[in-house]
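Here are a few exercises to work through with the model open beside you. Try each task before reading its solution.

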Amino acid sequence: MQMNLTTQPFASLETDALVTYVFEESDPIQGRIAELEQATGGLLRKLVQSGELAGKTLEFTLVHAPAGLKASRLLLVGAGKREQFTAATLRKIAGASLRYLKSRGIHKYAFAVREGGATEELAQAIAEGAIAADFETDKYKTDKKGDKFIDSAVLAGYSDAEKSAGESGLNRGRTIAESQNFTRDLVNEPSNKLTPKILAEKAEAMARESGLAVDILDERRIADLKMGALLSVAQGSAEPPRVIVVTYTPANAKPGAPVIGLVGKAVTFDTGGISIKPAEGMEKMKYDMAGGATMLGVMRALAVLKPNVKVICVVPATENMPGGKAQKPGDIQTAMSGKTIEVLNTDAEGRLILADAVHYAKQLGATHLVDAATLTGAIVVALANVHVGVFSGADQSWTDKLLASAKATGEKMWQLPMDDDYREFIKGSFADIQNIGSGKGGGSITGAWFIREFAGDTPWVHLDIAGTAWNDDAKPWLAKGPTGVALRTLVHLAMSQ
């Protein structure tokens, strides 16, 4: 989809549809809506009086052949209360508008910002919302409906003086949303089309195309590095593991800036191993590599946006299968750090591969860490599919920066406690630590504590995205399936250093 910005008056735009948004207030005919009211000869006031135009959030009113406009249609989208309106609201409106028009066979449209909204920030939000909304998960369907596509979108309502800022925001939003869709495309791949080796090949191709340094560790190099925790998960599968390392190095690094390590879990299919999962819903375990895919998408975006800090991405990739060589409950494994682990449940495998990846990221020079993983079902119990679970090491200031980035980008995240009491839950009986908690409850916290053991004193944040990486149902602004959650936050975090 092509997306550009124009300073042409919106009333004169010849397009299939002109879109803008209406606030829920006593008199919604204000500002730009009043201009449309005048252009259409009083039509909008009649719609308000009849109750067809109320401004309720994501309520659509479609007008065909609106008098006084060159556009074939006028789509008015409810924006809710004006005082609650944010860039996050507009991102959803932009996405929902595109999907609404796309489903009706409309191929090109213009989106007009409201008075006072011609800013860089809102242009970015509109681009992010629209481009993410254009992503579909029907890649392998052979009966696609060929007339349901958006060919082009134009951002309107900007003056000549506002054009430069608007285009800057639009371009940044395009980069971020296209990288989010890159992540979503990886997550949507079935496991027979995305083995650890294939994921590594795709990551390498992306890195080389983006001008990023890349190093792929095969099973021999992984063994040479004594990544015993990762190898323990991989040993049950016929598919060999990989560790993907992608590095962005700025031309002029900011003095005293952190070296950010992004670590993402990539279990390309998780059966649970010998502690096998129930059959119901297991097909979705192709998305157990969403954390790794998110980090690769972040690196793709950073290659274009060019922050002034070095960023190292480490993605351990493996399957978790119940083969004849698979590890068994009760096995004791030695991680790369030398710490010994009692494996009480082979389905708590994500923390095992992250243990070695986090340690390796520190060896590569990372001074501040963030890991993302579809780690626990417990986070779904705690936060459902609304918030990402956030867990902090001892350095709360690093976590505060991440939470500020989440707020700035409209991604819902919630910090959970990491009291020392929970550390006792993973104290091993026959090894240094065990991979599941000995107490009842707190599963997402004990999972985070396990990873923290390998982060040590390094500033570290763990993101449990198990409840938010996948939409079981389509949203008005996003297709069913992978979401690309946390990518916007992490890009913002890197750009803010």
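**Exercise 1. A parallel pair**

Task: Find how many bridges join strand 13 to strand 17, and which way the two strands run.

Solution: Start with strand 13, which covers residues 340-342. This strand is joined to strand 17 by 2 bridges, and the two run parallel. To place the pairing at residue level, take I341: its bridge partner in strand 17 is I433. Keep in mind that this is a predicted model.

**Exercise 2. The sheet around that pair**

Task: Work out the strand order of the sheet, and say which strands stand at its edges.

Solution: The sheet is open, has 3 strands and follows the order 12-13-17. Its pairing is mixed. Next, look at the ends of that order: strand 12 (332-334) and strand 17 (433-434) are the edge strands. Each has a single partner strand, so one side of each lacks a neighbour in the sheet.

**Exercise 3. A strand with two partners**

Task: Describe how strand 8 is joined to strand 7 and to strand 11.

Solution: Take strand 7 (residues 213-217) to begin with: 5 bridges link it to strand 8, and the two run antiparallel. Then turn to strand 11 (residues 311-320), which is joined to strand 8 by 7 bridges, also antiparallel. V246 lets you see both pairings: it is the bridge partner of V214, and it stands opposite C313 in strand 11.

Now add burial. In strand 8 (residues 242-248), 7 of its 7 residues are buried. On one side these are R242, I244, V246 and Y248, and on the other V243, V245 and T247, so both faces are covered.

**Exercise 4. Buried or exposed?**

Task: Decide whether T183 is buried or exposed, and do likewise for K226.

Solution: Locate T183 first, in helix 5 (residues 163-188). Its relative accessible area is 1%; buried means under 20%, so T183 is buried. Beyond its neighbours within four places in sequence, T183 is in contact with A293, T294, G297, G484 and L487.

K226 sits in the loop between helix 7 (219-224) and helix 8 (228-234). Its relative accessibility is 61%; exposed means over 50%, so K226 is exposed. K226 still touches T334, A335 and M336, with residues up to four places away in sequence not counted.

For a last step, pick out the C-alpha atoms of K226 and V263: they are separated by 18 Å, and the two residues are 37 residues apart along the chain.

Key
Residues numbered from 1 in each chain as written. Predicted model: local features only at pLDDT ≥ 70, side-chain atom pairs only at ≥ 80, totals over all residues. Heavy atoms only, no water. Helix = DSSP H or I, 4+ residues; strand = E, 2+ residues; numbered from the N terminus. Buried < 20%, exposed > 50% of the residue type's maximum accessible area, 1.4 Å probe, protein only. Contact = heavy atoms within 4.5 Å. Pairing = 2+ DSSP bridges.
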